[in-house]
Amino acid sequence: MTKIKLAEKTIELIKSVCTQFGNKESELINVLHQIQSKLGYLPAEVQEVIAAELNMSVAKVYGVVTFYSFFTMLPQGEHPISICMGTACYVRGGEKVLHEFKRHLGIEVGQTTADGKFSLSCLRCVGACGLAPVVLVGEKVYGRVSPQQVSKIIAEYQEGCVNVQTA
Amino acid sequence: MAEFNTHILVCGGTGCKASQSDLLKANLKNRLADHGLQNEVQVLQTGCFGFCEKGPIVKIQPDNTFYVSVEPKDAIEIVDEHILKGRKVEHLLFKDPKNDKRVDDSKQMDFYKKQVRIALRNCGFINPENIDEYIGNDGYAALGTCLENYKPTEVIDLIKKSGLRGRGGGGFPTGLKWEITNKVEADQKYVVCNADEGDPGAFMDRSILEGDPHSVIEAMAICGYCIGASKGLVYIRAEYPLAIKRLKVALEQAAEYGLLGKNILGSDFNFEIEIRYGAGAFVCGEETALIHSMEGLRGEPTFKPPFPSESGYMGKPTNVNNVETFANIPPIINKGADWFASIGTEKSKGTKVFALAGKINNVGLIEVPMGITLREVIYDIGGGIKDGKEFKAVQTGGPSGGCLTKDFLDTPIDYDNLLAAGSMMGSGGMIVMDEDDCMVSIAKFYLEFTLDESCGKCTPCRIGNKRLYEILDKISQGKGTNEDLDKLRLLSQVIKDSSLCGLGQTSPNPVLSTLDHFMDEYVAHVDHHKCPAGQCKALLSYHIDEEKCTGCTLCFRNCPVGAISGEKRGPHYIDQSLCIKCGICLEKCKFDAVKIA
Ligand SMILES: Cc1cc2nc3c(=O)[nH]c(=O)nc-3n(C[C@H](O)[C@H](O)[C@H](O)COP(=O)(O)O)c2cc1C
Ligand code: SF4
Ligand code: FES
């Protein structure tokens with residue numbers, strides 16, 4: 001894997017977040033949350049800076065990043081698509097919807113399309129089980145999604161207009 | 001401040017927000033302002049009303065009118081008709097499916113009639129972002145009573161007497177847990193609220209935090225007073241942004257009012273609360289894993305003892321309770337242990353909140369007295385099975401639980417009965433399944449979840465579950481043998497007996513319980529290579545009945561891969577080599593011409 005060189009600004013940002021949490025090892029998860037929310041993902045280079053700042057081994061940081069599914073080492077697509085795979089959505093056909101997304105985008109869960117527009121992930125229950133099956137695109141929630149609606153949802157974002165009505 | 005005489009309550013739970021309840025609220029406010037009513041009618045956003053199926057919900061007080069499925073555009077009619085002219089908007093009232101009559105008061109709805117709301121007492125009634133409304137509903141009275149009138153041990157005795165058991169799944173007596181932590185000597189102790197809610201398909205704890213965060217804060221402070229802790233921590237999933245926001249607002253307000261901080265209510269009791277974020281790991285709901293995660297480590301469980309009550313967060317005595325457990329505390333103190341103990345069954349007191357979902361008409365959040373039967377929950381509150389299908393099973397306890405079948409419809413629900421029936425109370429997920437659900441697939445679904453979530457520390461859980469999954473997969477492909485069925489059972493038992501934490505110990509439950517109750521379905525897959533529910537793709541193919549096909553072309557137009565051909569008004573055919581078995585044609589056909597073979 002080729003190494004990315006972090007911009008000076010990014011390194012400053014990481015350092016300032018670490019300082020904000022007192023450079024304490026026990027604050028690692030909070031630090032990771034903050035940095036991921038700012039940078040979008042946590043590549044190895046970022047983890048190295050964090051490890052140095054918190055005075056711990058990179059292996060430990062890596063261990064934590066890979067343990068929790070919320071943290072990602074890969075950049076997300078411009079429009080991250082998440083399919084709810086909680087039980088309520090599953091029994092109401094979430095798997096079929098997921099299948100359609102995979103087919104239309106030509107990617108697997110955890111991947112991003114070549115043009116960087118969409119990435120696909122699964123999550124467990126967003127708390128809108130009444131609207132099952134549920135799909136999230138960015139922060140927008142789509143409820144009662146049928147496999148036939150999948151292409152329409154994708155098209156919305158391809159043209160760059162966001163106004164299709166659902167549920 | 002303006003004196004409002006009418007209040008419009010708009011649901012601000014996650015489900016209703018997803019259906020544009022924010023826009024609805026804004027529209028209501030604008031319309032009121034158009035009529036110059038902004039100082040007489042207040043629009044409030046509350047927590048979840050529970051009736052998520054028909055969201056967004058709007059309730060008007062004082063007359064208690066309950067509107068369902070309200071769209072942003074309906075704001076004008078609500079203001080112009082109901083508020084201005086006092087005429088109810090008929091078409092937004094709930095229609096009772098039994099007699100097609102419109103019901104205008106939520107108290108008359110079957111969905112609410114059998115519910116008893118203790119933990120959810122304020123959800124949907126107050127604005128969760130305004131501490132005054134909580135205080136106006138007996139809020140922080142319990143904390144005041146404890147600090148003024150009771151010694152810590154007296155409060156603990158009261159909780160013990162109430163019979164309250166932990167709502168996080170295990171059902172450990174709460175008073176006893178507090179007592180144990182109280183007795184340990186230490187310079188620092190911690191109160192932890194477990195808001196990790198990992199069960200996929202459950203949203204009880206989040207709804208409480210979104211709808212009534214102060215009740216949890218108040219209870220944590222009471223717990224701190226009882227066990228001698230000055231610090232509390234809430235461990236909450238980062239995936240719950242709204243609950244986090246409301247909790248933060250509530251913490252600030254409580255501190256401002258002197259209900260958190262130093263010398264609370266003039267006493268010498270100090271207590272503060274911090275928030276810690278989970279990062280998407282189910283195993284972190286297990287208390288030792290949760291504590292490691294709060295310390296910034298990988299959330300791997302460790303052996304008990306030592307229990308957290310002896311050595312928990314930062315090695316200090318720590319009392320971990322679930323969100324719903326905490327939400328029950330203030331009412332117990334306000335209304336007395338006897339009142340609480342009068343609700344429920346002999347060994348399970350009080351109520352339980354369930355997230356009712358799946359193939360049921362009224363999906364939503366419900367709170368019912370312990371001892372209610374499944375039949376009442378599913379048919380009276382839940383309104384029966386969707387689309388008139390036949391009930392098959394209900395799954396409780398999430399990935400650690402099991403399925404209950406028709407035979408258990410009249411069993412009173414409590415901790416012990418559910419265990420005896422091969423399931424468990426769990427944290428409150430209740431998923432209803434109908435004739436179209438394949439039980440082999442359901443077992444496989446839960447196993448897949450466990451595989452994802454096992455922390456990998458113990459071999460039986462990490463590898464054993466993988467093997468279980470592979471066998472199930474083989475069966476769902478029609479390639480299983482009778483020997484595989486025996487292996488499933490044996491391996492399940494080994495995993496249960498030899499895993500370290502609750503996750504591994506309970507992970508084979510969905511397999512065992514489906515084997516016990518739905519052996520015929522396993523046999524159909526293995527011996528006859530058939531999936532009776534028509535779910536296992538490898539075992540089915542779609543065909544069109546020439547006699548019934550009218551050539552309407554609906555299937556042809558909907559097939560996502562163009563596998564269907566035929567002349568208009570003539571019979572259609574499915575090309576098996578192209579068909580991806582998505583089942584859309586079956587769903588779409590109005591003439592019952594698509595068949596599964
Ligand atoms: C794998 C696993 C997951 C758990 N998940 C949760 C959870 O999401 N929420 C929760 O409150 N308790 C969960 N528990 C139970 C906790 O370990 C603990 O018993 C509980 O928080 C204690 O609180 P209570 O006595 O108030 O129920 C889980 C246990 C296990 C073994
Ligand atoms: S049983 Fe599974 S989840 Fe629990 S500690 Fe062992 S490997 Fe981890
Ligand atoms: S299971 Fe999908 S929103 Fe709850």
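User: Let's start with chain A: how many helices and strands make up its secondary structure?
Analyst: This is a predicted model, and the count for chain A comes from there. From the N terminus on, its elements run α-α-α-α-β-α-α-β-β-β-α. Tallied up, the secondary structure of chain A comes to 7 helices and 4 strands.

User: What share of the residues of chain A counts as buried?
Analyst: The C-alpha trace of chain A spans about 50 × 30 × 25 Å along its principal axes. Among its contacts between residues at least 6 apart in sequence, 60% join residues at least 24 apart. Out of 167 residues in chain A, the share that counts as buried is 37%.

User: Over to chain B: why can it be called as compact as a globular protein of its length?
Analyst: Chain B holds 24 helices and 19 strands. For its 597 residues the globule rule gives 25 Å, and the radius of gyration is close to that, so chain B is as compact as a globular protein of that length. The radius of gyration in question is 26 Å.

User: And what percentage of chain B is buried?
Analyst: Along the principal axes, the C-alpha trace of chain B spans about 85 × 65 × 40 Å. Of the contacts in chain B with a separation of 6 or more, 71% are between residues 24 or more positions apart. As for burial, the figure for the 597 residues of chain B is 54%.

User: How far apart are the C-alpha centres of domain 1 and domain 3 of chain B?
Analyst: Chain B is divided into domain 1 (6-108), domain 2 (131-339), domain 3 (351-434), domain 4 (439-527) and domain 5 (541-596). Domain 1 of chain B puts 6 residues into its contact with domain 3, which brings 7. On the domain 1 side, those residues divide into 4 nonpolar, 1 polar and 1 charged. The C-alpha centres of the two domains lie apart by 29 Å.

User: Is strand 7 of chain B largely enclosed or open to the outside, and how many of its residues are buried?
Analyst: On one side of strand 7 of chain B, Tyr190(B), Val192(B) and Asn194(B) are buried, and on the other Val191(B), Cys193(B) and Ala195(B) are too. Both faces are covered. Strand 7 (residues 190-195) is largely enclosed by the rest of the structure, because the number of buried residues is 6 of the 6.

User: Which residue of strand 8 of chain B is the bridge partner of Val192(B)?
Analyst: Strand 7 of chain B pairs with strand 10 (residues 318-322) in the parallel sense over 5 bridges, and there Val191(B) has Asn319(B) as its bridge partner. Strand 7 also runs parallel to strand 8 (residues 231-237) of chain B, joined by 6 bridges. In strand 8, the partner of Val192(B) is Leu233(B).

User: Which are the edge strands of the open sheet with the order 12-11-15-13-14 in chain B?
Analyst: This sheet has 5 strands and mixed pairing, with neighbouring strands turned by 30° against each other on average, direction ignored. Strand 11 (residues 351-358) pairs with strand 12 in the antiparallel sense over 6 bridges, and Leu356(B) has Gly364(B) in strand 12 as its bridge partner. Each edge strand pairs on one side only, and they are strand 12 (364-369) and strand 14 (402-405) of chain B.

User: Where the chains meet, how many residues of chain A are in contact with chain B?
Analyst: Helix 1 (14-18), strand 11 and strand 15 (429-434) of chain B each supply at least two residues of the side that touches chain A. That side of chain B divides into 19 nonpolar, 13 polar and 7 charged residues. In all, 39 residues of chain B are in contact with chain A, whose number of residues in this contact is 36.

Methods:
Residues are numbered from 1 along each chain as its sequence is written. Chains are lettered from A and ligands numbered from 1 in the order in which they are written. This is a predicted model: local features need pLDDT of at least 70, side-chain atom pairs count only at pLDDT 80 or more; totals for chains, interfaces and linings use all residues. Two strands pair if DSSP finds at least two bridges between them. Axes are lines fitted to C-alpha atoms, for helices over the stretch in contact, and angles run from 0 to 180 degrees between N-to-C directions. A residue is buried if 20 or more other C-beta atoms lie within 10 Å of its own, exposed if 12 or fewer, and partly exposed in between; C-beta atoms are placed from the backbone. Domain bounds come from an automatic or database domain assignment. Two residues are in contact if their C-beta atoms, placed from the backbone, lie within 7 Å. Ala, Val, Leu, Ile, Met, Phe, Trp, Tyr, Cys and Pro count as nonpolar, Asp, Glu, Lys and Arg as charged, and the others, Gly among them, as polar. The radius of gyration is taken over C-alpha atoms; the globule rule is 2.2 Å times the number of residues to the power 0.38.
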